[in-house]
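Grab a coffee and work through these short exercises with the model open beside you. Try each one yourself before reading the solution.

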Amino acid sequence: MRILALIKNSLDITEIKVDPNSGELRLAGVPERIGAIDKNVVEAAVRLKETYGGSACGISFGPAEARDNFKDVLAMGLDEIVLIEDSTKGEASAGLTVRALKAAVRALGAFDLILCGFASDDGYTYQTGPRLAERLGLPLVSYARAIEASEGKVRVEQDLEDCIQLVAAPLPCIISIAEEAFPPRRTTLMDAIKAKKKPISIWRREDHLELEEAFRNAPASAPLLEKTGVIVRRKQQIFKSSDLCATADQLIDCLISDGILTEENA
Amino acid sequence: MMPNHRDALVFCEDPHLLTALVGKAQQVCASLDGQVGVLLIQETDLALAASAGASRILQPSAPVQFDSAEPVIALLCRAIEETHPRIVLVGATRLGLEVAPRVAERLGLDYLPWATGIDVDAGSSSARASAQLYSGLGRVEYQFDGPTLVLSAAVGAFQEDGVVEIPEGEPQRLILEAAGLSAGVRVLSARPKSAGNESLEHSPVIIDLGQGVRADDGLEIYRELAGLLHGQMASTRPVAVERNWFPEWLGLSGFTVSPRLCLTLGVAGAVQHMIGIRGSERIAAVNNDESAAIFSQCDYGIVADLYAFLTVFIDRLKARKVRLNETRI
C-alpha cells in the first residue's frame, strides 16, 4: 500500500499573545512545528504501512525552513518527505495550497491512500482535505478514528457529532483523521538516528512544470482588510472571604444583576 | 431563474443552528431586498424550515441517502446554480465543514470558514466578511468580489443573530433534480455515541470540571448543580480522557461553547482549554489556588475549597429559589 500523508508546519497557537493595548496579534517568535493533529496523521500512515506493507511518504507545503521540523515524523516511520516550497511567504490561498498539493501528488505517481488531518493546528479551517478531494476527483472520508483496508477498499469508522459511522470507500481515496485519534508513538534514539538518513526533497515551483502551473493559475487570496487579536475583557472580581455563605450570596447577586439568574423570592 | 445575486441560501442539518443562520441571512437579505432559501435534506424538516423563516424551500426530487456528504454537496451545488444567491451560509457542523469548502472548490466560489460577520451592500458588488482566526484568538476581515460567497458559521458566531421574521404565506417550493447523485463513500452502519455532551453547544449554562475536582467523589454534586441551573456538565481534556468521565471535552482539540454562564470548578486556566470557553458571556471560577491562571480570565473568581464552597452555594441557590433567567435569551 502506498500512502501519502499531508503534514503542515503549523504555528503553536498556544504561544500567540494579543497586545492588551493595541489588540495586535503578536506572531513574531511564535514557534512552528508539525502540529499535534498532523502527528496523528503520521501515526495512522505508519500503522497502515506496518499492517499492510508498502510505503508512507509525507508531503508538506510550507517554507524551506520547515525541513528542520521533520525529524520527529521521520523517526515515527515516514520513509521520506517532499516539501513544496511556498514562495508566497505564508500568503497562499487555500485554493493555491491544494493546487500545489495536487501537482505533487500527481508527480509522485500511483498511490492508494492520502491521509490528512481533519484540520490544521493553527488555521483550523478544515479546507485542505475537502478541497483536495474535489481537485483530484477522489472520495473523501472525514473524521476517521479507525481504518481497515482489504481488496481495494477501506472501511473507516467516522467520528460524527452524534454517532460513530462505519463507511466503505474504494481506493484510492482521501481520509481525514479525527481529533486525538491515532496518538503518536514514542520514538527511540535508534529511530532518530535512522531518520537522519531518510530523504527530504524540496520542490520549488521553477523545478516542476505542474507546480509552476499551480502557482500561476491558482485563485488569489481575497484582499485582507483587517487582522487583529480578540481581547476578551473580563471583570476579574475575586472573592476570597472565609465566609462561604456570604461569598455564595455575592456570586448569586452578581449573576442576578447580569440577568443570567433570577430569584423567585425577590 | 435570472441571476440576481440578492438572495441567501442556507444549509444546516442542525435545527438550532439553522434557525440562527436563517436569522442572520434575513438580516443580510434585508439590505439587498432578497429572499432566504433553505436547502432541506429530509422531508421531516419542512415545518422547521418554514418556521425558521425561509421564503423558499429547496428539496431533492426523490429521497436521497444523506448520511454521507457527497449527495449533500451535489445538491447544494445544484441549488446554487439554480438560484444564484449572493451568500451561501452553511452550519459549521462536521458535515457542513466538509460540504462548504468542497462546494466552493467545485464551483470556483470564495469561501470563508468560521464566519463572524457579513456585510453586503446593495450598491456595491463586493462584500466584506469577518471570521475567527487561530481558533478565536484573532479575527480577520476580507473583501470578496465574486458574485457568490460561501461561509460556514458555528453556534453563537455572530455578535447579533438576526431576529427571525416569519414571511407571510406559504414558502415557495423549488425541487432539485436528485438523479445521478451517486456516492463513492457508502455507509455500512452507525452506532450512537453515549449522550454525555449531546446538547453542550446549545446549553445556556456549562458546569466545567477541571483537574481540581477530586476523582473519587463522583459526579453527584455537579449533576445537582447542573440540574438547578439548567446546565450541562463538561470538562477539560485531562478529566475527559484520563478519568474517562466524558466522551468529549472543551478546548482547542474539543468543543467550543459560548453559554451565558460557564462555571469552572477546579480548572487551572490553560490556554488550550480557555479557547473552548472564551466565548462565554460570563465565566465564574472556583479554585483553591489563588495563583491559578483562571483568575485573570474570569468575571467572578472564588478562592475557596471547591467542595466546601459548592455545598454552601447549592444550599443558597435552593434557599433563595434562584434559577436560570429564561426571559432573556
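**Exercise 1. A serine in a loop**

Is Ser135(B) buried or exposed?

*Solution.* Keep in mind that you're looking at a predicted model. Start with the place: Ser135(B) is in the loop between β7 and β8 of chain B. Next, the backbone: its phi is near 55°, a positive value in a residue other than glycine. Finally, the accessibility: the relative accessible area of Ser135(B) is 12%. The cut-off for buried is under 20%, so Ser135(B) is buried.

**Exercise 2. The strands around that loop**

Work out how β7(B) and β8(B) are joined, and which sheet they belong to.

*Solution.* Take the pair on its own to begin with. Strand β7 of chain B covers residues 127-133, strand β8 of chain B covers residues 138-144, and 7 bridges join the two in an antiparallel arrangement. For a landmark, find Ala131(B), which stands opposite Val140(B) in β8(B).

Now zoom out. The pair sits in an open sheet of 4 strands, ordered β14(A)-β8(B)-β7(B)-β6(B), with antiparallel pairing. At the edges you'll find β14 (224-229) of chain A and β6 (115-120) of chain B, each pairing on one side only. From one strand to the next, the twist averages 15°.

**Exercise 3. A covered strand in chain B**

Which residues of β2(B) are buried on each side?

*Solution.* Begin with a general rule: side chains in a regular strand alternate between the two faces of the sheet. Apply that to strand β2 (residues 36-39) of chain B: Val36(B) and Val38(B) are on one side, Gly37(B) and Leu39(B) are on the other, and all of them are buried. Both faces of the strand are covered, then.

Next, look at the neighbours. Strand β1 (residues 8-11) of chain B runs parallel to β2(B), with 3 bridges between them, and Ala8(B) stands opposite Val36(B). To get from β1(B) to β2(B), the chain passes through helix α1 (residues 15-32) of chain B in a right-handed β-α-β crossover. Strand β3 (residues 56-60) of chain B also runs parallel to β2(B), again with 3 bridges. There, Gly37(B) stands opposite Arg56(B).

**Exercise 4. Sorting aromatic pairs**

How many aromatic pairs are there over all chains, and how would you class Tyr142(B) with Phe144(B)?

*Solution.* The count comes to 7 aromatic pairs over all chains. For Tyr142(B) and Phe144(B), the ring centres are 6.0 Å apart and the planes are at 55°, so this pair is tilted. Tyr142(B) has 23% relative accessibility and counts as partly exposed, while Phe144(B), at 5%, counts as buried.

Now try Phe309(B) and Phe313(B). Their rings are 5.5 Å apart centre to centre with 15° between the planes, and the pair is stacked. Both residues lie in helix α8 (residues 306-319) of chain B, 4 residues apart, about one turn of the helix. That fits a general pattern: an α-helix has 3.6 residues a turn, so residues three or four places apart point the same way. Phe309(B) is buried at 1% relative accessible area, and Phe313(B) is buried at 2%.

**Exercise 5. Arginines over rings**

Which rings do Arg214(B) and Arg237(B) lie over?

*Solution.* Arg214(B) lies over the face of Tyr307(B), 3.9 Å from the ring centre. Arg237(B) lies over the face of Trp249(B), at 5.6 Å from the ring centre.

**Exercise 6. A tour of chain A**

Describe how covered α3(A) is, then place Tyr124(A) and Pro172(A).

*Solution.* Helix α3 of chain A (residues 94-107) reaches 20 Å from its first C-alpha to its last, close to the 20 Å expected. The helix is mostly covered, with 10 of its 14 residues buried, including Leu96(A), Arg99(A) and Val105(A). Gly109(A), with a positive phi near 90°, follows α3(A).

Tyr124(A) is in the loop between β8 (113-117) and α4 (128-136) of chain A. Its phi is positive, about 60°, although Tyr124(A) is not a glycine. At 13% relative accessibility, Tyr124(A) counts as buried. It forms one aromatic cluster with Phe118(A), Tyr126(A) and Tyr143(A).

Last stop: Pro172(A) is in the loop between β11 (163-170) and β12 (173-177) of chain A. The peptide bond from Leu171(A) to Pro172(A) is cis, with omega near -5°.

Definitions and conventions: Residues numbered from 1 in each chain as written. Chains lettered and ligands numbered in written order. Predicted model: local features only at pLDDT ≥ 70, side-chain atom pairs only at ≥ 80, totals over all residues. Heavy atoms only, no water. Buried < 20%, exposed > 50% of the residue type's maximum accessible area, 1.4 Å probe, protein only. Pairing = 2+ DSSP bridges. Right-handed = clockwise from strand over helix to strand, strands pointing away. Phe/Tyr/Trp six-rings, centres within 6.5 Å; stacked < 30°, edge-to-face > 60°. Lys NZ or Arg CZ within 6 Å of the ring centre and 35° of its normal. Expected span 1.5 Å × (residues − 1). Axes fitted to C-alpha atoms, helices over the stretch in contact; angles between N-to-C directions.
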